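User: Please take a close look at a single position in the structure shown below. Which residues accompany it, and how does the rest of the chain look from there?

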Amino acid sequence: MTARAWGIVGLVVVLLLAAAAFWVRWETEPPVLAAQGETGELFVGAKPTTVTFDLGDGSGLRLFAVRLRHADGEAVITTTEYPGDALTGGRIPYETVDVTLDPATLGVPQGDAVLVAELTDWSWSGLLAGNTTTVEIPVSIDREAPKLSVSSGLTYVQRAGSGAVRYRVLEATADDGVRVGDATFRGYPFPGGAEGERIALFAIPRDAAPDVTPKVFARDRAGNEREVGWPVRVQERSFTRIPIRLGANFMEGKVPSLAGELGIEGDDAVAVFQTINRDERARNEEAIRAAVVKSGATALFDGAFTQMRNSAVTSQFAEHRTYYVDGKSVSEAIHYGYDLASVSGAPIEASNAGVVVHAEPLGIYGNCVIVDHGLGLMSLYAHLREIDVKVGDRVAKAQRLGRSGATGLAGGDHLHFAILVGATYVDPKEWWDPKWVRDRIAPAMAAALP
Ligand SMILES: [Zn+2]
């Protein structure tokens, strides 16, 4: 080939390379820009809020700018320029950026605003201006805690007992109710009440601190929270300690057969019992806590609860049990219910109206039924021989749930009966007493005065 021909070939190659480079550098693909997590409305309160953005582009990131458009104008939140040049593009193809909104330092007014995030790349597109992606997120700025007032007057509540309170919150809440130490009790709309009127059942957990003070709280969607106290007298009480001797029949019969059902292995009956009483019990309580959060927002119970018909109390609520084998203490537990004994296979009836939320074996509780009475109040029936209801059944007071038995961690035929307010076990004796229900619960639930 002649020099001229070589020249033409060279020119064609250079042109092709330039075209290829141009093709690559001229891309019109908009950069990837997305906020992590919830992409709906952003509620920003008094505390700073962080939004995490994922950024990415084949030509490289060039400029990331975030501003807040509000009623009075715009506030610049962040502007980041990324390294690169027009010829070879950007150095950084992707990044994750935390953007913090602090309405206090930005000096933006309360109310609606829009968070505008813009990302530009190093493409030659748009006469070298690059491609730009814009994301807009609606923002609601609210720096004030909800207005909250308690309508209930002086309230008496017993340790390990229940109470009710009525209050009013003048804003939509993300969460509200009663806090007692570490325990939280959800609030529910008061039926037929004024706007924002709410009711909460609460309890003083058996092991709450001696000086514990219940407080009503309300938190809005922006995370602002207010806590309000009201006059509450907590009546102290003590609980008995009971030794329970586990005999050979129980250790050689019940323990291995229950261990078999639960898939717990081991040759040492004491060690197996310890595993059941500690680990299996903890697992079962977790399942119960998962069931109680599903409580309905309407009160389904009517008046006092009923104790099992013709039953004798064989074990008290909240006693501290120490288990002994051959004179040696091997395990402990708090007994959060009443043991009620009647004839073997006695009918077990719903202690009040409600909806069945659990109806199957549950570890140490054996065949177990849990009935939701609404407002976070539930009753639990354990060790049944048979269950006659299924999850979702609406049951009337005294409707049969099954028959008593000795399934689970039970030495003989009896009903283990418990009542929960939220995730806290409470003394059922109160709920069995019509006068107590009338004096302590009914006033907070009574129709609002005109
Ligand atoms: Zn029991």
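Analyst: Gly405 counts as buried, because 23 C-beta neighbours lie inside 10 Å. The term requires 20 or more other C-beta atoms within 10 Å of a residue's own, whereas 12 or fewer make a residue exposed and counts in between make it partly exposed; the C-beta atoms are placed from the backbone. The structure is a predicted model, in which local features need pLDDT of at least 70 and side-chain atom pairs count only at pLDDT 80 or more, while totals for chains, interfaces and linings use all residues. Residue numbers start from 1 along each chain, following the sequence as written.

Gly405 belongs to the loop that joins β31 (400-404) to β32 (415-421). Strands here are DSSP runs of E with at least two residues, helices are runs of H or I with at least four, and both are numbered from the N terminus. Leaving out residues up to four places away in sequence, Gly405 touches Gly345, Gly366, Asn367, His383, Leu384, Arg385 and Asp413; such a contact means that the C-beta atoms, placed from the backbone, lie within 7 Å. Ile348, 57 residues apart from Gly405 along the chain, has its C-alpha atom 9.9 Å from that of Gly405.

Two of these contacts, Asn367 and Leu384, lead into a pair of strands, since Asn367 has Leu384 in β29 as its bridge partner. Strand β28 (residues 367-372) and strand β29 (residues 377-387) pair in the antiparallel sense through five bridges, where pairing requires that DSSP find at least two bridges between the strands. A hairpin with four residues between the strands connects β28 and β29, and Gly374 in its turn has a positive phi of about 85 degrees.

β28 is largely enclosed by the rest of the structure, because six of its six residues are buried. Its two faces are both covered: Asn367, Val369 and Val371 are buried on one side, and Cys368, Ile370 and Asp372 on the other. β28 also pairs with β27 in the antiparallel sense, over six bridges, and Ile370 of β28 is the bridge partner of His358. The hairpin of β27 and β28 has five residues between the strands, among them Gly363, which takes a positive phi near 50 degrees. Strand β27 (residues 354-361) in turn forms two bridges with strand β30 (residues 394-395), again antiparallel, and Gly354 stands opposite Val395 there.

Val369 of β28 also leads to the largest nonpolar core: within its 79 residues, Phe202, Val369, Tyr381 and Leu420 touch the most other members. Such a core is a set of buried Ala, Val, Leu, Ile, Met, Phe, Trp, Tyr and Cys residues joined through C-beta atoms within 7 Å. Domain 2 (159-235) and domain 3 (241-434) both contribute residues, so this core lies between them. Leu420 is in contact with Val292, Met378, Leu380, Tyr425 and Val426, residues up to four places away in sequence being left out. A second, separate core has 20 residues, including Leu33, Val66, Tyr82 and Leu101.

The domain assignment, which is automatic or taken from a database, also places domain 1 at 3-141. The centres of domain 1 and domain 2, taken over C-alpha atoms, are 46 Å apart, and six residues of domain 1 are in contact with four of domain 2.

An open sheet of four strands is arranged in the order β15-β14-β18-β19 with antiparallel pairing. Its edge strands, β15 (183-186) and β19 (225-229), each pair on one side only. Direction ignored, neighbouring strands of this sheet are turned by 30 degrees against each other on average, as judged from axes fitted to C-alpha atoms, with angles from 0 to 180 degrees between N-to-C directions. Strand β14 (residues 175-180) is joined to β15 by four bridges, and Gly177 is partnered there by Arg186.

A contrast to Gly405 is Lys147, which is partly exposed with 13 other C-beta atoms within 10 Å. Lys147 sits in the loop between β10 (132-141) and β11 (148-150). Beyond four places in sequence, Lys147 is in contact with Leu170 and Glu171.

Helix α1 (residues 3-25) is hardly covered, as the count of buried residues among its 23 residues is zero. From first to last C-alpha α1 reaches 32 Å, close to the expected 33 Å, a value equal to 1.5 Å times one less than the number of residues.

Technical notes: Two residues are in contact if their C-beta atoms, placed from the backbone, lie within 7 Å.
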